[in-house]
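Here are a few short exercises for getting to know a new structure. Try each task yourself before you read the solution below it.

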Amino acid sequence: MKLFKNFQFSNLFSKKKIDENLLNKFEELLIESDVGTEIASDIKEKFKKEKIGKEIKDEKEIFNFLGEQISKILTPYEKKLDDLYKSSPSIIVVAGVNGVGKTTTIGKLGKLFKNDGKKIVFGAADTFRAAAIEQLELWSKKIGADFVKSDLGTDPASVGYKTAKFAEENKSDLAFIDTAGRLHTQNNLMEELKKIKRVAGKGLEGSPHETLLILDGSQGQNALAQAREFNAAIGVDGLCVTKLDGSSKGGIIFAVAEELKLPIRYIGVGESAEDLQPFNREEFVTALFS
C-alpha cells in the first residue's frame with residue numbers, strides 16, 4: 001500500500017533513550033500531521049508512561065508500540081464490507097465538496113463491487129454539470145454498470161427517485177447516487193441534498209441505506225471541518241478519504257474518526273481503480289511506519 005510521505009519518525013527516534021524533550025517533539029510531529037491535539041496528547045502520555053527513561057534497542061521497538069496504540073484507536077472505525085450493505089438493493093448517496101474526486105470514487109467503488117459479482121447502477125444526480133453526467137456515464141460503460149440520468153437542469157431529487165426505483169425493479173445489488181459538489185457552507189445546496197435523500201426513500205422505502213461522504217485527505221483540518229458540517233446537516237453514515245498518496249499527511253484519518261465516531265469505509269491511495277481500498281487498520285498502520 002502506498003501511503004504517507006510526511007510521517008518522519010525515523011530521525012526523531014534515533015536516540016537511545018526517550019526523554020521529555022523528545023516526547024514533546026513527537027507530540028508536535030503528530031499534530032503537524034493532522035492527527036489532532038487530543039489524540040496526539042493521549043498517545044504521548046501512553047508513550048511516556050511506558051517508555052520514558054528506558055533504553056531503546058532499535059526503532060522497531062518504538063514503531064511496534066506506536067502501531068499498537070494507533071490500531072487500538074482505529075479499531076471501532078474499521079467495519080467489514082459484508083456488514084455494510086445487507087439489504088438488496090442498497091442505495092448509497094455520495095456527497096462531498098468540489099474537487100474531492102467524488103464521481104471518480106463512485107466509478108472505482110462500482111468497479112470494486114462489480115469485481116465481486118454485484119449488479120451496479122449509477123445515478124447522475126449532479127444535473128448542474130454536463131461534464132459530471134458524462135464522466136459518470138463513461139464509468140458505467142467502462143465497468144458494465146447500469147446508468148440513470150435526466151436532462152441537464154432537472155431536479156436532482158428526481159434522479160435519486162428514479163435510481164432507487166430502477167435498482168428495485170432491476171434487482172440491482174447496489175446503487176450509487178452522485179450529487180453536485182457543494183461547499184458545506186452553502187445552505188441551499190445542503191437542503192437540496194436532504195431532498196435527494198428524502199425523495200430516494202419514496203423510490204424505495206427505507207433508502208438511502210448509506211450517506212457516504214468523500215473527503216480529500218490532503219486538505220487536513222479543512223476536511224475535518226467539512227465532515228462536521230455535512231454530518232450535522234444531513235447525517236453521514238460512513239467516510240471515504242481520498243488522495244492519501246501525495247501531499248497528504250494522513251493523520252486526518254484519526255481526527256475525523258475519533259471526533260465524529262464514523263467508520264472509515266474506504267481510502268484512496270493512488271490514481272488507479274485498484275488504489276481505492278476498503279479501510280484496513282492493520283495495513284494502514286503498517287504503511288504509516290514503512
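**Exercise 1. Work out how helix H6 and helix H7 are arranged, and which residues join them.**

Solution. Start with the axes: those of H6 and H7 (residues 187–203) come within 7 Å and cross at roughly 30°. Angles under 35 degrees count as roughly parallel, so H6 is roughly parallel to H7. Next, the handedness: H6 passes H7 in a right-handed crossing. Now look at who does the touching. On the H6 side you'll find Pro156, Ala157, Gly160, Tyr161, Ala164, Lys165 and Glu168. H7 brings Glu192, Lys195, Ile196, Val199, Ala200, Lys202 and Gly203. Sort these residues by class, and the contact of H6 with H7 has seven nonpolar, two polar and five charged ones. One thing to keep in mind throughout: this is a predicted model.

**Exercise 2. Stay in H6 and find out whether Thr163 is buried or exposed, and what surrounds it.**

Solution. First, place the residue: Thr163 lies in helix H6, which spans residues 156–169. Then check its accessible area. The relative value for Thr163 is 0%, and buried means under 20%, so Thr163 is buried. Now for its polar side: a polar atom of the Thr163 side chain lies 2.7 Å from the backbone oxygen of Val159. Finally, leave out residues up to four places away in sequence, and Thr163 touches Val121, Phe122, Gly123, Val148, Ala175 and Ile177.

**Exercise 3. Do the same helix-pair analysis for H4 and H5.**

Solution. H4 covers residues 102–114 and H5 covers residues 130–143. Their axes come within 10 Å and cross at roughly 15°. With that angle, H4 and H5 are therefore roughly parallel to each other. The crossing of H4 past H5 is right-handed. As for the residues, H4 uses Thr103, Thr104, Ile106, Gly107, Lys108, Gly110, Lys111 and Lys114. They meet Ala132, Gln135, Leu136, Trp139 and Ile143 in H5. Split the contact of H4 with H5 by class and you get five nonpolar, five polar and three charged residues.

**Exercise 4. Zoom out: how many helices and strands does the chain have, and what share of its residues count as buried?**

Solution. Begin with the secondary structure, which comes to ten helices and eight strands. Then take burial: 54% of the 290 residues count as buried. To finish, consider contacts between residues at least 6 apart in sequence; 74% of these join residues at least 24 apart.

How values were computed
Residues are numbered from 1 along each chain as its sequence is written. This is a predicted model: local features need pLDDT of at least 70, side-chain atom pairs count only at pLDDT 80 or more; totals for chains, interfaces and linings use all residues. Side-chain values use heavy atoms; hydrogens and water are left out. Axes are lines fitted to C-alpha atoms, for helices over the stretch in contact, and angles run from 0 to 180 degrees between N-to-C directions. Helices (H or I, at least four residues) and strands (E, at least two) are DSSP runs, numbered from the N terminus. Angles under 35 degrees count as roughly parallel, over 145 as roughly antiparallel, 65 to 115 as roughly perpendicular and the rest as oblique. A crossing is left-handed if the near helix is turned anticlockwise from the far one by less than a right angle, and right-handed if clockwise. Contact means heavy atoms within 4.5 Å. Ala, Val, Leu, Ile, Met, Phe, Trp, Tyr, Cys and Pro count as nonpolar, Asp, Glu, Lys and Arg as charged, and the others, Gly among them, as polar. Buried means under 20% relative accessible area, exposed over 50%, partly exposed in between (1.4 Å probe, protein chains only). A polar contact is a pair of N or O atoms within 3.5 Å; within protein, one must be able to donate a hydrogen and the other to accept it, and residues adjacent in sequence count only if both atoms are side-chain atoms.
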